[in-house]
Amino acid sequence: MVCLKRFQSTSGVMVNPDVQSTFQKLSEGKKEFRYIIFKIEEREVVVEAAVSQEELGLTGDDYDDSSKAAFEKFVADIKKRTDGFTDCRYAVFDFKFTCSRVGAGTSKMDKIVFLQLCPDGASIKKKMVYASSASAIKASLGTGKILQFQASGVKIDPSCKNAYDMLHNKHQHSYIIFKIDKNDTAIVVEKVGDKGAPYSEFIEEMRKAVDGGKECRYAAVDVEVQVQRQGTEGGSKLNKVIFVQYCPDEAPVRRRMLYASSVRALKATLGLESLMQVQASDLSDLDEKAIKHELVSSQRT
C-alpha cells in the first residue's frame, strides 16, 4: 500500500493527495495521461483535469512534430479553463520530441515540464496565492522527474548569508533588510541595524525602504521577549529571529510576483525553515506587541 503525504504551503494551502497519485500515472509505468491541470480550490490544490493521449484525438506522431499539436490542444484547454487567461493554474505536460546526437543518430525522448501560469489578467490576490503555494505542489510532485520549474532566476548575494549569520548566531545585528537589486538579478543587503537598536527603528527603516508602498522587501529581525516557564519564578529573556516578507498592496504586480517567486531561494540560503515567518502587506502586520505575543506563545512549555 502506497502512503501519500499531504503537503502544506506557507500560505496555508494544502495539496490534495490525488495530485501526487495522478501525477504518478503520468510519470510512471504506462503513462496514462499526457497532461494534468491543477487549481487551488477552497485552500487546497486539486486536480482539475487529467487528459490522456486518446482524449487529445491526434493521429500524427508526436515525436515528428515535437509535441506541437498536443501542446496546442493543451494551451487551448487551459485558456478555456482560465476564462481567457484571467485566472491562475499549475500544470504538468509530457513533452515528446526527437534529439540528434553526434555519433548516436536520432533518438526519441520524453521530458515532463512543470508550468506555473499566473497571467497578467489574473487578480493580484490569485497571483500571490499561487506564487506562495507553488513550493508545496512541487514538493508533492518531486523534482526528480521534472525537467524544469518556473523560477525568478534571482541570485542570492553572499553578503546576505554573512550578515544573517552575524545576526542569528552572534546577535551582532538587531535587524537586516534585504532587497532585490535594481537589475532584478540578485538579493542583496540593504540595511543592517546596530546591536540593541529598537524594534521601532526597524519599522521606520522598512517604511523608508518601501517608498510609500511602491516596493517590497524581506527582513530578518532579532526580537527579545520575556518568557515565563512552568515551574520557575519570574521570567527570562530570550532572543528569537523572525523572517519577514513584506509586499504592500500598493506595490506593482511585477514587484510582488518577483519577490514571491524569489523568497524560496533566500530562505533556503539562510536556512530559515525553523523560524517564525511573517507575510505582511501593511506595517500594521508587523506590530511589535503582536509579534512578541506569537513568539511567547510558541515558547510556552
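A residue is called buried when its relative accessible area is under 20%.

**Figure 1. Overview of the predicted model.** The model shown is predicted. The protein has 301 residues, and 44% of them count as buried. Its secondary structure consists of eight helices and 12 strands. Take the contacts between residues at least 6 apart in sequence: 61% of these join residues at least 24 apart. The exposed area is about 16000 Å². Carbon and sulfur atoms supply 48% of that area.

**Figure 2. Helix H1 against helix H4.** H1 spans residues 17-27 and H4 spans residues 124-141. The two helices pack at an angle of about 45°, and their axes lie 9 Å apart. This angle falls outside the parallel, antiparallel and perpendicular ranges, so H1 and H4 are oblique to each other. The crossing of H1 past H4 is right-handed. H1 contributes Val 19, Gln 20 and Phe 23 to the contact. From H4 come Ile 137, Ser 140 and Leu 141. Sorted by class, the contact residues are four nonpolar and two polar, with no charged residue.

**Figure 3. Helix H4 against helix H7.** H7 covers residues 253-270. The axes of H4 and H7 come within 10 Å and cross at roughly 15°. Angles under 35 degrees count as roughly parallel, and H4 is therefore roughly parallel to H7. H4 passes H7 in a right-handed crossing. On the H4 side, the contact uses Ile 124, Lys 127, Met 128, Ala 131, Ser 135 and Lys 138. On the H7 side, it uses Val 253, Arg 256, Met 257, Ala 260 and Arg 264. This contact of H4 with H7 holds six nonpolar residues, one polar residue and four charged residues.

**Figure 4. Ile 36 and its surroundings.** Ile 36 sits in strand S3, which runs over residues 35-40. The relative accessible area of Ile 36 is 0%, so the residue is buried. Neighbours within four places in sequence are left aside in the contacts that follow. Ile 36 touches Thr 22, Phe 23 and Leu 26. Val 47, Ala 49 and Ala 50 are also in contact with Ile 36. Tyr 90, Ala 91 and Val 92 complete the set. Leu 26 is 10 residues from Ile 36 in sequence, and their C-alpha atoms are 8.1 Å apart. Phe 23 links this view to Figure 2, being one of the H1 residues that meet H4.

**Figure 5. Ala 280 in strand S12.** S12 comprises residues 276-280, and Ala 280 belongs to this strand. Its relative accessibility is 5%, under the 20% cut-off, so Ala 280 counts as buried. Beyond four places in sequence, Ala 280 is in contact with Gln 245, Tyr 246 and Cys 247. Asp 285 and Leu 286 are in contact with Ala 280 as well. Val 244 is 36 residues away from Ala 280 along the chain. The C-alpha atoms of Val 244 and Ala 280 are separated by 7.2 Å.

**Figure 6. Tyr 63 in a loop between two helices.** Tyr 63 lies between helix H2 (53-56) and helix H3 (68-81). At 16% relative accessibility, this loop residue counts as buried, because the cut-off is 20%. Not counting residues up to four places away in sequence, Tyr 63 touches Lys 96, Phe 97 and Thr 98. Tyr 63 also touches Lys 108, Met 109 and Asp 110. Lys 108 is 45 residues from Tyr 63 along the chain, with a C-alpha separation of 6.7 Å.

**Figure 7. His 171 and Asp 184, two residues with positive phi.** His 171 is not a glycine, and its phi is near 55°. His 171 is placed in the loop between helix H5 (158-168) and strand S8 (173-180). Its relative accessible area is 28%, which means that His 171 is partly exposed. Asp 184 is likewise not a glycine and has a positive phi of about 60°. The loop that holds Asp 184 lies between S8 and strand S9 (186-194). Asp 184 is buried, because its relative accessible area of 18% is under the 20% cut-off.

Note on methods: Residues are numbered from 1 along each chain as its sequence is written. This is a predicted model: local features need pLDDT of at least 70, side-chain atom pairs count only at pLDDT 80 or more; totals for chains, interfaces and linings use all residues. Side-chain values use heavy atoms; hydrogens and water are left out. Axes are lines fitted to C-alpha atoms, for helices over the stretch in contact, and angles run from 0 to 180 degrees between N-to-C directions. Helices (H or I, at least four residues) and strands (E, at least two) are DSSP runs, numbered from the N terminus. Angles under 35 degrees count as roughly parallel, over 145 as roughly antiparallel, 65 to 115 as roughly perpendicular and the rest as oblique. A crossing is left-handed if the near helix is turned anticlockwise from the far one by less than a right angle, and right-handed if clockwise. Contact means heavy atoms within 4.5 Å. Ala, Val, Leu, Ile, Met, Phe, Trp, Tyr, Cys and Pro count as nonpolar, Asp, Glu, Lys and Arg as charged, and the others, Gly among them, as polar. Buried means under 20% relative accessible area, exposed over 50%, partly exposed in between (1.4 Å probe, protein chains only). Accessible areas come from the Shrake-Rupley method with a 1.4 Å probe; for residues, only the protein chains shown count as cover.
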